[in-house]
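Q: I have this one open and would like to go through it slowly. Where should we begin?

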Amino acid sequence: MWSTLAAIAWGAVPAAPAIAPLVVLAVALYVTVPLYMFMRRGFGWRRYPTAAFRLYVVRPVLYSQLLLPVVTTVALLGLLIGAILGAPRAGGQIGAVVALIVSGVILFAGWRGSRSLVVRDIDAVVPALPDAFDGFRIVQVSDLHLGPQTSRRFLEDVTNTIRRLDADLVTVTGDLIDDRAEDTSLFVAWLDGLGTPRHGTYLIPGNHDVYAGWPAVRTALERDSSAHVLVNESRLLTRGGAILALIGLGDPAAGGRSPKGGQGDSAAPDVARAFRAVPAGVPVVAFAHNPALWPSVAERGAALTLSGHTHWGQFALPRLGWSLASPFLEHAMGAYQAGEALLYVHPGTGFWGIPFRLGALPEVAVVTLRRGPSAGLTVGASRAA
């Protein structure tokens with residue numbers, strides 16, 4: 001594809017016909033060599049990738065992988081149309097430029113979207129909810145993917161928004177960090193800025209926390225923060241003499257269960273163990289990063305499950321109930337209900353890969369528990385944070 005673009009670019013600068021092809025080949029080398037090194041080293045970087053490295057190396061590689069097939073295809077289409085009109089090379093060059101401009105506009109809009117934090121109010125009606133927990137407010141963020149690529153200004157907006165909402169409880173439903181255990185220090189520093197909600201902050205692992213090395217991540221979280229890390233465990237909250245159970249699940253990316261059935265450092269999901277200490281008749285709110293766990297959690301009796309993971313594909317058409325993740329996942333976005341079991345799939349607060357979000361804006365969800373005659377989720381419209 002790079003060779004095709006270089007050939008089409010020949011003569012784009014009439015005074016120096018070889019200039020444009022050389023620029024194309026230089027760009028190709030700039031973005032292909034790092035990709036080769038990344039793959040050669042087992043899909044990882046030998047050293048910790050700094051913010052500058054991610055900005056000037058990783059991000060151009062990712063953008064080029066998205067743009068290359070699009071620009072090449074449109075350039076070839078322009079070449080064919082140009083051939084019909086007697087100017088094939090000019091047609092190809094015009095096609096490439098048009099593709100770059102349109103793609104650039106879309107990517108810019110997605111970049112703006114990745115920084116457009118919104119708040120969404122959700123009412124979860126739980127018939128078995130004790131009166132003491134009626135109105136209990138849970139702030140959910142998910143998929144922060146904290147790392148050197150994270151905008152500090154955006155992160156400050158998230159912090160200020162959560163503090164302003166004054167929730168009873170805060171949960172981060174997985175993918176706390178991006179891809180290196182070293183990023184945990186950034187996450188812990190962010191946690192410190194949140195303060196202490198009345199009923200605490202609860203964390204569960206996501207697939208990226210597993211990829212980063214969950215044992216090291218969990219050790220740092222428990223050593224350096226006051227947040228509660230729940231992996232196939234439960235916590236009982238008391239309020240006005242009533243009890244509400246919280247459970248946190250591991251993530252399927254961790255594979256099988258830990259050796260000898262013990263908890264150890266495994267982040268693999270174990271639904272039976274998560275429910276083991278929950279008293280009969282106590283309503284359960286579950287935190288499960290991957291919504292694929294919801295059927296088994298609902299079968300055990302969880303009234304409400306809060307998930308993330310899908311990012312809504314980072315591109316969605318909410319009015320149509322469709323996202324880029326919808327063709328691949330049964331529970332891809334928004335609210336679901338099966339009997340009295342409820343699920344909310346959060347669109348994520350950070351981003352993965354490139355900073356791009358359209359129709360799936362970064363969100364802080366405020367989930368208010370309500371007591372009522374029949375279960376249901378009411379998802380309000382998003383508003384600017």
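**Helices, cores and sheets**

Q: What comes after H1, and what is the sign of its phi?
A: H1 is followed by Gly-11, and the phi of Gly-11 is positive, near 85 degrees. Helices here are DSSP runs of H or I with at least four residues, strands are runs of E with at least two, and both are numbered from the N terminus.

Q: And what kind of model is this?
A: This is a predicted model, in which local features need pLDDT of at least 70 and side-chain atom pairs count only at pLDDT 80 or more, while totals for chains, interfaces and linings use all residues. Residues are numbered from 1 along each chain as its sequence is written, and side-chain values use heavy atoms, with hydrogens and water left out.

Q: Back to H1, which of its residues are buried?
A: In helix H1 (residues 2-9) they are Leu-5, Ala-6, Ile-8 and Ala-9, where buried means under 20% relative accessible area, exposed over 50% and partly exposed in between, with a 1.4 Å probe and protein chains only.

Q: Why do they line one face?
A: Seen down the axis of H1, the buried residues fall within an arc of 165 degrees, so they line one face of the helix; the arc is taken from the directions from the helix axis to the C-beta atoms.

Q: What do they pack against?
A: The buried residues of H1 pack against helix H2 (19-40), helix H3 (51-85) and helix H4 (88-114), with contact meaning heavy atoms within 4.5 Å.

Q: How do H3 and H4 cross?
A: Their axes come within 7 Å and cross at roughly 145 degrees, the axes being lines fitted to C-alpha atoms over the stretch in contact for helices, with angles from 0 to 180 degrees between N-to-C directions. Among the residues making the contact are Tyr-63, Leu-67 and Val-70 of H3, and Ala-99, Leu-100 and Leu-107 of H4.

Q: New topic: how many residues does the largest nonpolar core have?
A: The largest nonpolar core has 35 residues, and those with the most contacts inside it include Phe-136, Phe-287 and Leu-304. Such a core is a set of buried Ala, Val, Leu, Ile, Met, Phe, Trp, Tyr and Cys residues joined through side-chain atoms within 4.5 Å.

Q: Which strand gives the most to this core?
A: S13 does, with five residues. Apart from this core lies another, of 33 residues, among them Val-139, Leu-146, Phe-154 and Ile-162.

Q: What does Leu-304 touch?
A: Leaving out residues up to four places away in sequence, Leu-304 touches several residues, including Ala-124, Val-285, Leu-342 and Leu-369.

Q: And the sheets, what is the order of the seven strands?
A: That open sheet runs S5-S4-S3-S2-S14-S1-S15 with mixed pairing, where two strands pair if DSSP finds at least two bridges between them. Its edge strands are strand S5 (228-229) and S15, each of which pairs on one side only.

Q: How does S1 pair with S14?
A: S1 and S14 pair in the parallel sense over eight bridges, and Ala-124 stands opposite Leu-369 in S14. S1 and strand S15 (residues 376-384), by contrast, pair in the antiparallel sense over seven bridges, with Ile-122 opposite Val-379.

Q: Which order does the sheet of six strands have?
A: This open sheet has the order S6-S7-S8-S9-S13-S12, again with mixed pairing, and its edge strands are strand S6 (233-239) and strand S12 (334-338). S12 and S13 pair in the antiparallel sense over five bridges, and the bridge partner of Gln-337 in S13 is Leu-342.
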